[in-house]
Amino acid sequence: MKKNQLLEKIIHGVFLILGLITVGCVLLITVYLVISGLPAIQKIGLTDFLFGTQWASTASDPKYGILPFILTSIYGTAGAIVIGVPIGFLTAVYLSKIASPRVKSAMQTVVSILAGIPSVVYGLVGMLVLVPGIQVIFGVADGASLLAAIIVLAIMILPSIIKMSITALDAVPKEYEDASLALGATPIETYFKVSVPAAKSGIAASVVLGVGRAIGEAMAVMMVAGNVPNMPNSLFQSVRFLTTAVSSEMAYSSGLQQQALFSIALVLFFFIMLINATLNFFLKREKE
């Protein structure tokens, strides 16, 4: 008995240490970004930095306004969520509740393959297929645009939404559905009015992961969005995201330019934290 208790204490201690390491890594990243990013914001000015509409970091008279990057990231993420979440959610409901075991197994394999494809491959396919397709279909001068980035991001967030939603739906007790069917509800009514509400926390968690994937993606959107610091006034305009702004210039940056890139990373970090905190707030509020 004492041996088992000692083993449990050791395991508990190991888990505690691992948890503290995770929290410590987050705090370390936060402190590092704040220390590295604040000097540029102080030199440029918070208003000019966040609401400036021009980014010309290598010009003789440099400009460090990141409003185009912020709006592009918001529009791109919102567009990907609008397209990807309904498709992923409905696919998960179909695979979990309607599809035959053979179809479900085959589709889950495909979804797992999608999840394992590197970002650069998504970007390469988008650059070779999607960008020329947009150029031909819509008759624009260049298909590398915000629309191309939205479509690529929507495809990239599908695996996490589908897999987590299926797991949440499969975990709903079958008794809930049997009771609903016994009361005269149709299968479709049961799936959407009983199973989905019971699994809403897991489905919401999948959406949070999808949002994080869309906001944090850099390589794929750099290849299909044009990577030009324009204001996102049109779906067919070449744009630059917050992530691509950092990754495209960090290799050769120095001085204030490098500090400004760290400031962009700091803005992106707090942007993601704000979205996660907001979603968690509403989830907890619904549970209460």
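Contacts that reach far along the sequence dominate this predicted model. Among contacts in the protein chain between residues at least 6 apart in sequence, 70% join residues at least 24 apart. The chain has 288 residues, and 39% of them count as buried. Its C-alpha trace spans about 75 × 65 × 35 Å along the principal axes. About 15800 Å² of the chain is exposed, with carbon and sulfur atoms supplying 70% of that area. As for charge, there are 17 positive and 13 negative ones, and their mean positions sit 8 Å apart.

The protein chain contains 12 helices and two strands. Followed along the sequence, the elements come in the order α-α-β-β-α-α-α-α-α-α-α-α-α-α. The two strands are β1, residues 55-56, and β2, residues 63-64, with a loop between them that holds Ser57.

Ser57 makes a handy starting point for a closer look. With a relative accessible area of 9%, Ser57 is under the 20% cut-off and therefore counts as buried. Its side chain makes two polar contacts with other side chains: one with Glu249 at 2.7 Å, and another with Gln257 at 3.2 Å. Both partners turn up again in the wider set of residues that Ser57 touches, once those up to four places away in sequence are set aside: Pro62, Lys63, Tyr64, Glu249 and Gln257.

Glu249 leads straight to helix α11, which covers residues 242-249. Seven of the eight residues in this helix are buried, so the rest of the structure largely encloses it. The buried ones are Leu242, Thr243, Thr244, Ala245, Val246, Ser248 and Glu249. On the way into this helix, the loop between α10 (219-224) and α11 contains Asn227. Asn227 has a phi near 55°, a positive value in a residue that is not glycine. For background, most residues other than glycine have a negative phi.

Thr243 is another residue of α11 worth following. Its relative accessibility is 8%, so Thr243 counts as buried. The side chain of Thr243 reaches the backbone oxygen of Glu217 at 2.6 Å. Beyond its neighbours within four places in sequence, Thr243 is in contact with Ile215, Gly216, Glu217, Ala218, Val221 and Leu268. Thr243 and Phe262 are 19 residues apart along the chain, and their C-alpha atoms are separated by 11 Å.

Glu217 and Val221 also feature in the surroundings of Leu153. Leu153 belongs to helix α6, which runs over residues 146-170. At 1% relative accessibility, Leu153 counts as buried. Leaving out residues up to four places away in sequence, Leu153 touches Gly76, Ala80, Ala214, Glu217, Val221 and Phe241. Although Leu153 and Glu217 are 64 residues apart in sequence, their C-alpha atoms are 8.0 Å apart in space.

Aromatic rings add another set of links, with six aromatic pairs in the structure. In one of them, the rings of Trp55 and Tyr64 have centres 5.4 Å apart and planes at 80°, so the pair is edge-to-face. Trp55 and Tyr64 are both buried. Ring pairs also bring in Phe69, linking Trp55, Tyr64 and Phe69 into a cluster. Tyr64 ties this part of the picture back to Ser57, as one of the residues that Ser57 touches.

A further edge-to-face pair is formed by Phe89 and Phe192, whose ring centres are 6.2 Å apart and whose planes stand at 70°. Phe89 lies in helix α3 (residues 67-98) and Phe192 in helix α8 (residues 187-198), so this pair ties together parts that are 103 residues apart in sequence. How buried or exposed are Phe89 and Phe192? Phe89 counts as buried at 18% relative accessibility, whereas Phe192 is partly exposed, with a relative accessible area of 34%.

Note on methods: Residues numbered from 1 in each chain as written. Heavy atoms only, no water. Helix = DSSP H or I, 4+ residues; strand = E, 2+ residues; numbered from the N terminus. Buried < 20%, exposed > 50% of the residue type's maximum accessible area, 1.4 Å probe, protein only. Polar contact = N/O pair within 3.5 Å; in protein donor to acceptor, adjacent residues only side chain to side chain. Contact = heavy atoms within 4.5 Å. Areas by Shrake-Rupley, 256 points an atom, 1.4 Å probe, with all protein chains shown as cover. Lys, Arg positive; Asp, Glu negative; His and termini not counted. Charge placed at Lys NZ, Arg CZ, Asp CG, Glu CD. Phe/Tyr/Trp six-rings, centres within 6.5 Å; stacked < 30°, edge-to-face > 60°.
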